[in-house]
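Here is a short note for a colleague opening this structure. Keep the model in view while going through the points.

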Amino acid sequence: MQHLRTTVARLRPITVSQTTKSLSQTAPRVAEAVPLAPQPFRRLSASVGSEPFLNGTSSNYVEEMYYAWLENPKNVHKSWDVFFRNANAGAPPGAAYQSPPPLGGKCQIPARAQSLVGVQPSVQKLVEDHLAVQSLIRAYQVRGHHLSQLDPLGIMAANLEPTPPDITVASPDKLEFSHYRDRLYNLTAGGLYGLRESDLDKVFRLPTTTFIGGNQSALPLREIIHRLEMAYCQHIGVEFMFINDVQQCQWIRQRFERPGVMHLGLEEKKTLLARMIRSTRFEEFLQRKWSSEKRFGLEGCESLIPALKTIIDKSSESGVENVIMGMPHRGRLNVLANVIRKELEQIFCQFDSKLEAADEGSGDVKYHLGMYHQRINRATEKNITLSLMANPSHLEAVDPVVQGKTKAEQFYCGDTEGKRVMSILIHGDAAFAGQGIVYETFHLSDLPSYTTHGTIHVVVNNQIGFTTDPRMARSSPYPTDVARVVNAPIFHVNADDPEAVMYVCNVAAEWRNTFHKDVVVDLVCYRRNGHNEMDEPMFTQPLMYKQIKKQKGVLEKYAEKVIAEGVVTREAYEEEVVTYDKICEEAHSRSKDEKLLHIKHWLDSPWPGFFDLDGQPKSLSCSSTGISEEELNCIGNIASSIPVKDFTIHGGLSRILRGRADMVSQRVCDWALGEYMAFGSLLKEGTHVRLSGQDVERGTFSHRHHVLHDQNVDKRTCIPMNHLSPDQAPYTVCNSSLSEYGVLGFELGYAMTSPNALVLWEAQFGDFHNTAQCIIDQFICPGQAKWVRQNGIVLLLPHGMEGMGPEHSSGRPERFLQMCNDDPDVYPNLPVEDFAIRQLFDCNWIVVNCSTPANFFHVLRRQILQPFRKPLIIFTPKSLLRHPEAKSSFDDMLPGTEFMRIIPESGPAYASPDKVKRVIFCTGKVYYELARERKNRSMEESVSIFRVEQLSPFPFDIVRHEAERCPNADLVWCQEEHKNQGYYDYVKPRIRTAVDRLRPVWYAGRDPAAAPATGNKQNHLLELQRFLDTAFNLEAFPGIQ
């Protein structure tokens, strides 16, 4: 009963005069829990004498009667019914009580009681009104962004609906109820939930889920609506109510609902104006000087520059020391000039087409280049490092690369919480909605081995994609809806309101620093020119661009605003403009003195100390990749044991570990143990190793088992590789999400950060790399040529024709070989003693297909020991993982041994080269099938088999030497892949070049086909036998010509 009376008392309407004292009460703080029910309290306004029947034990009786009445009023006498109804209407017990009617007489309710009973409908109305107010507040929080004035052009709302009318009023006293009623009809699915115009001046207590009251706990309805409009329906639209964390929602409400919270100080406005001047005048300067050049200018979204600088300032204030950024081409030069602070003369040099390139390689267009710069942040007087990643035209492809580099920077500086290193990604609206890599990157954001502890995403929402309208470019209301999948708050803001932009960016930076989660800032703007400065947008968007031509520039509008406010004088503003124009002119004059175009000045990931001062390797030699037998035994013992106590592993894994121990005792290793030896030795030498990909911890083929799982304790794991020695480097092995594009891009960025780490990505099957083709084609293959940026990433691609069907057979080696930069028709003119290392230095990447664990061991170690970095593509085996002949002796891994580019013939054919009638060159697994077939046919003396382990750069020198040793033999390339796939088209012209085109190169293998392999096991075996017959039929080819 007390609960009901308390509720009624709290909901009773309060007149404006009665709220004088209550308005001083503070609103609940965020940390306070919202009470599930009103807390009971005793009203002491009635004297004890007026409640004589509630004293003593009779209160128990009254309580029983009350609960019976709640079930059904007819359960109690009429007098009790009247009493409880009056009490619920707010009457004190003394007044609520009425004498019972006379016995046998008709029950008549006195007039006073009737008046009290008549209060009940009004109480119900009060409850409904308060619930309506709470629903109204929630409606604004959930859907207020749909009514925000976000489009600077006023054409449509950011959610593709017609722009709602702007009915913002300076004072709630002027609020037109009819306008709001119509305006809110869709927002609240029925207007104001039954509230009427007569309720506008009623005062309602505010729920704990809003902060619009500030220090006031109750407000008139008129003021409530006005404050909600100011918080949620002006130039900022806030999407956050989908977040399932109550504390985070309350945090956002505080930042946007408190009255006056968006007010900027005098100095903040001056700084904002200065940044707007630089952003705008930079673009205008470029337009004046190079009006016919593509530069993908920022016109229409000049507020991006102060937005980014605000984020960086706020983050620096919170302790961030390193910011890695990725962005598309639009506005890139402006960001380089005014955010990264690239020297203006170096930017202007890029417009001079006559300058000669000072660096080798193709270079890239100016709006794709990156930059790395350390400077003092003037807002905080702290050091900050800024990196803008180079990227191709493939929009959003750089996103995971930025995240990988950010993760690596955090790893190397011990930043486990993301407090010192962070990333900012700038997107276009069409690409953010349309490119799947955005979704893949978002889903890495909270994974343990991939999280960067929050990224700030800034969307430059031009409301157009090249020539495509938003209605044709996405199915979602906003281009940012993809961010909802990771509970990232989304702040839409009208980019023509620089102060709103600055406030939102401050909140975004504060969110990231507080919660270490992703956040999105949607800058709703426009594109003043076409897709580029030469493009005519009126062909496809005539009405939009008619409006844009009428649109006053954001700098002009903001300058008028701050001048009118007295923040600056017009003279001071014009002087600031003249000053920056002079800076640009002077830089332009200096740029004319430049004679060479230096691509290395635009390097986004320098490696201090790794190269000499000219950016060249300190030497061109590679030490032996072998290690001592003591090291081999030490690593082998760890690989075959459990280095922690009381750890129960699976019985099948126990057998695997025993098998490893047996191999170590016999001084041999299989493929998995050879990999263990390579990783372990590098770790002991201080080189960090990171292996990532789908199911890499165990291995797709259950061969690796680098992470052991306790069979009795959930989530208890052990990584033996991290127990090699106390001073070893850390080993990271992590199963990735089911993504190739995103994860490979991430690992590429990780490998880019430091040359002193072995970073590997393994595809579940080799052909799965094709969903990451963009990263391979645009970053890995041409990265050094375009951006003078070396990278030592390793791709492990399981490959081999095993009769498993078209999809899990081929790693598509032909694609990688086609993109190699060596000339097939020219024998390299290199010194004999440095032939191999110089070939590696000149190539764009290395492609190998190892056939022994020892060679796999050596090529992995060579990747770190060589004095430069190149991407390494390894086609790894499947059936060879457990093949009894695919094992290596420790002797092949000791000091003095090294990677063998070709493994030559070592049998009888080697001893008598004059008797050899056929030399078969091959690579990978097919060697074991050829060797078995040769043995079965007893052709060990007449047929010599050479394994080409390194396909690119091609070992011209060894091929020439071995071919000359067998002058009477015909030359055959044998492969298990189809003729139009695999290696044949790559190796044939190179073998011909190696032998001075004096001898033909014949083919033994499968016929051309569209699919990589047959899906029928019987056909697979028939094809295999057919090309083996060809390879060993000495009459199959016409002979030497």
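1. A salt bridge here is a side-chain nitrogen of Lys or Arg within 4 Å of a carboxyl oxygen of Asp or Glu. E565 and K269 qualify, because their closest N and O atoms are 2.9 Å apart. Keep in mind that this is a predicted model. By the rule, the count comes to 48 salt bridges.

2. Where do E565 and K269 sit? E565 lies in the loop between α21 (554-564) and α22 (570-591), while K269 belongs to helix α11 (residues 266-289). The pair links distant parts of the chain, 296 residues apart. E565 is partly exposed, at 40% relative accessibility. K269 is buried, with a relative accessible area of 10%. Both take part in a network of salt bridges with E499 and K561.

3. Helix α11 also holds R275, which pairs with D313 of helix α12 (residues 304-317), 38 residues apart. Their side chains meet in a salt bridge at 2.6 Å, N to O. R275 is buried, with a relative accessible area of 14%. D313 is buried too, at 14%.

4. R295 and E299 form another salt bridge, at 2.8 Å from N to O. R295 is buried at 1% relative accessible area. E299 counts as buried at 12%.

5. R999 is a contrasting case. It sits in the loop between α35 (984-994) and β28 (1001-1006). R999 is buried yet has no salt bridge. Why not with D970? D970 is the nearest side chain of opposite charge, but it is 7.2 Å away, and the cut-off is 4 Å, so the pair does not count. A polar atom of the R999 side chain does lie 2.6 Å from the backbone oxygen of A969.

6. Now the nonpolar interior. The largest nonpolar core has 170 residues, and M325, V335, I424, L523, L795 and W973 touch the most other members. Helix α19 (residues 498-515) gives the largest share of this core, ten residues. A second, separate core of 53 residues includes I638, M663, L724 and A729.

7. Which residues does L795 touch? Among them are L744, W761, F816 and L872, leaving aside residues up to four places away in sequence.

8. Helix α31 (residues 853-865) has 13 residues and reaches 18 Å from first C-alpha to last, close to the 18 Å expected. Twelve of its 13 residues are buried. These include F856, H858, R861 and R862.

9. E343 lies in the loop between α13 (332-340) and α14 (344-349). E343 is partly exposed, at 37%. E343 and A587 are 244 residues apart in sequence, yet 8.1 Å apart in space, C-alpha to C-alpha.

Methods. Residues numbered from 1 in each chain as written. Predicted model: local features only at pLDDT ≥ 70, side-chain atom pairs only at ≥ 80, totals over all residues. Heavy atoms only, no water. Helix = DSSP H or I, 4+ residues; strand = E, 2+ residues; numbered from the N terminus. Expected span 1.5 Å × (residues − 1). Buried < 20%, exposed > 50% of the residue type's maximum accessible area, 1.4 Å probe, protein only. Lys, Arg positive; Asp, Glu negative; His and termini not counted. Polar contact = N/O pair within 3.5 Å; in protein donor to acceptor, adjacent residues only side chain to side chain. Core = buried A, V, L, I, M, F, W, Y, C linked by side-chain atoms within 4.5 Å. Contact = heavy atoms within 4.5 Å.
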